[in-house]
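These are my notebook entries on one structure. I went through the strands, then the core, then a helix and two single residues.

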Amino acid sequence: MAALDESRAPERSVLRVAVRALLTTLADRAPGRSVEVRVPPYGAVQCVPGPRHTRGTPPNTVEMDPETWLALATGRLEWTQAVTEGRVRASGTRADLSPYLPLELE
């Protein structure tokens with residue numbers, strides 16, 4: 001995150017590891033399969049309690065770029081601001097991740 005805080009692009013390998021680790025943390029803290037969170041090209045998880053989706057495109061999806069995900073997950077960016085600015089594309093009645101963000105890192 002230091003590179004992002006300094007407006008520098010982090011190394012791809014570092015970005016990939018950070019995105020995947022934080023997606024895994026989200027899935028652990030909000031277990032379920034009703035929302036698919038996508039951070040291309042590095043990963044996607046299903047999370048949030050509720051009806052399970054099994055085929056095709058899930059009705060509840062959240063997608064964003066890696067930098068936005070890291071900022072949200074670490075509390076550097078608020079959910080409502082990210083959605084308002086169009087940095088997050090969220091669809092479906094369960095696609096609001098604000099109750100789960102930022103992720104408290106241990």
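Entry 1, strands. I looked up the pairing of strand 1 (35–39) and found that strand 1 runs parallel to strand 3, with three bridges between them. Helices (H or I, at least four residues) and strands (E, at least two) are taken as DSSP runs, numbered from the N terminus. Two strands count as paired if DSSP finds at least two bridges between them. Opposite Glu36, in strand 3, stands Thr61.

Strand 1 also pairs with strand 2, in the antiparallel sense and over five bridges. A hairpin of three residues makes the connection from strand 1 to strand 2. I noted Ala44 in strand 2 as the bridge partner of Arg38.

Entry 2, source. The model is predicted, and I kept its limits in mind: local features need pLDDT of at least 70, side-chain atom pairs count only at pLDDT 80 or more, and totals for chains, interfaces and linings use all residues. Residues are numbered from 1 along each chain as its sequence is written, and side-chain values use heavy atoms, with hydrogens and water left out.

Entry 3, burial. I use buried for under 20% relative accessible area, exposed for over 50%, and partly exposed for in between (1.4 Å probe, protein chains only). Four of the five residues of strand 1 are buried, so the rest of the structure largely encloses this strand. Thr61 is counted as buried because its relative accessibility is 11%. Beyond four places in sequence, Thr61 touches Glu36, Arg38, Arg89, Ala90, Ser91 and Ala95, contact meaning heavy atoms within 4.5 Å.

Entry 4, core. A nonpolar core is a set of buried Ala, Val, Leu, Ile, Met, Phe, Trp, Tyr and Cys residues joined through side-chain atoms within 4.5 Å. The largest one here has 29 residues, and Val37 and Trp69 are among those with the most contacts inside it. Helix 2 contributes the most to this core, six residues. Outside four places in sequence, the contacts of Val37 include Leu23, Leu26, Val62 and Leu97.

Entry 5, helix 3. Is helix 3 enclosed or open? Seven of the eight residues of helix 3 (residues 66–73) are buried, so the helix is largely enclosed by the rest of the structure. At its start, a side-chain oxygen of Asp65 comes to within 3.0 Å of the backbone nitrogen of Glu67. Gly75, just after helix 3, has a positive phi of about 85 degrees.

Entry 6, Arg20. I found Arg20 in helix 2 (residues 12–29). Arg20 is partly exposed, at 44% relative accessible area. Its C-alpha lies 6.1 Å from that of Gly43, 23 residues apart in sequence.

Note on methods:
A polar contact is a pair of N or O atoms within 3.5 Å; within protein, one must be able to donate a hydrogen and the other to accept it, and residues adjacent in sequence count only if both atoms are side-chain atoms.
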